[in-house]
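Please open the model in a viewer and keep the sequence at hand. The tour below proposes a series of selections and describes what each one shows.

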Amino acid sequence: MKKYYFVGDAHLGSLLFKDKEEHDNRFISWLDMACADSDEVFLMGDIFDFWFEFAHSIPPGYDKILAALKEKCSTGKKIHFVCGNHDQWTYGYLSNLGLIIHRKPEVITLNGKKILIAHGHGLGEKRKATLIINKIFENSVCQWLFRHLIPPKIGIAFGIKWSADNRKKHDKKAKNNEGENTFIDYYSNNTEESFQMRWAMDYARQHPDTDYIIMAHLHREENRLTGNGTQIIILDEFYNRYGYGVLDESGMSLYNFE
Ligand SMILES: [Mn+2]
């Protein structure tokens, strides 16, 4: 039986974190532990707060993280990179480091278990504005234009601003319910259930042979067993509660990194 580590939503480099270096170091410490203790590591999206590969440059400030990832990959460690809504714009740089890129939700088999992995953004989404933004962000022509025509300095300034604004908007909505520094997607008319969780429940119903659905994106932990035995896992964020998951012979366990 193999052992797998999962982490998501570190949002490294976010303008909203006061001590960026401490956060980076914490992530690298986690990566050291995960790589030493596992067979494979899954980065489940939004590891970077804004990652966009321009034609001739990458976002600044990630040197230490990129060096750590490269070093782990060079030792032969399998590290998967599931694209999130903040770091989906990769065109070869990250795969050249050795990361295994997953752009869309994917069904994989680990330890004989059938597992759907996805970051989670856009799944079950019904809000028109978000659907349109997702379409633009995922459109290859728009991406090409952004990569080649926008000067990287301006593009990156836009990206980190967009990212911080996005967070503040979500924080504001979540504040009354969950206190500070949380970021809950309050999707479905003030009920607790997000579009993403509903999507997962529907998926489990339609694919009863699925053992696990593992996602991130909601910035809160969920661990729910459906009627036909699918375990739906949402990983907590990795900047405040430092959530992560481990899959081994005893199943999936969720922890907070100290
Ligand atoms: Mn996300």
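In what order do the five strands of the open sheet stand? In this predicted model, the order is β5-β6-β7-β9-β8, and the pairing is mixed. Select next the two edge strands, β5 (106–110) and β8 (222–225): each has a single partner strand, so one side of each is left without a neighbour in the sheet. Looking across the sheet, one finds a twist that averages 20 degrees from one strand to the next.

**The strand β7 and its partners**

Select β6 (residues 113–117) together with β7 (residues 212–215). These two strands run parallel and are joined by three bridges. Two positions deserve a label: Ile-117 has Ile-214 of β7 as its bridge partner, and Ile-115 stands opposite Tyr-212. Now add helix α7 (residues 195–206), which packs on the sheet and touches β6, β7, β8 and β9 (231–234). The direction of α7 makes about 160 degrees with that of β7.

Next, display β7 with β9. Their pairing is again of the parallel sense, with four bridges between them. Tyr-212 is paired here too, its bridge partner in β9 being Gln-231.

With β7 still selected, show its side chains. Which residues point one way and which the other? Tyr-212 and Ile-214 point one way, Ile-213 and Met-215 the other, and all are buried. In a regular strand, side chains alternate between the two faces of the sheet.

**The helix α1**

Move to residues 20–37, helix α1. At 1.5 Å a residue, its 18 residues should span 26 Å, and the end C-alpha atoms are indeed 26 Å apart, which agrees. Colour the buried residues of α1, namely Asp-24, Phe-27, Leu-31, Ala-34 and Cys-35. Turn the view to look down the axis of α1: these buried residues fall within an arc of 95 degrees, so they line one face of the helix. An α-helix has 3.6 residues a turn, so residues three or four places apart point the same way.

What do the buried residues of α1 pack against? Select β1 (4–7), β2 (40–43) and α2 (63–74) to display these neighbours. Finally, rotate to the face of α1 turned away from its buried side, where the exposed residues Glu-21, Glu-22, Asp-32, Ala-36 and Asp-37 are found.

Methods: Residues are numbered from 1 along each chain as its sequence is written. This is a predicted model: local features need pLDDT of at least 70, side-chain atom pairs count only at pLDDT 80 or more; totals for chains, interfaces and linings use all residues. The expected span of a helix is 1.5 Å times one less than its number of residues. A residue is buried if 20 or more other C-beta atoms lie within 10 Å of its own, exposed if 12 or fewer, and partly exposed in between; C-beta atoms are placed from the backbone. The arc is that of the directions from the helix axis to the C-beta atoms. Two residues are in contact if their C-beta atoms, placed from the backbone, lie within 7 Å. Two strands pair if DSSP finds at least two bridges between them. Axes are lines fitted to C-alpha atoms, for helices over the stretch in contact, and angles run from 0 to 180 degrees between N-to-C directions.
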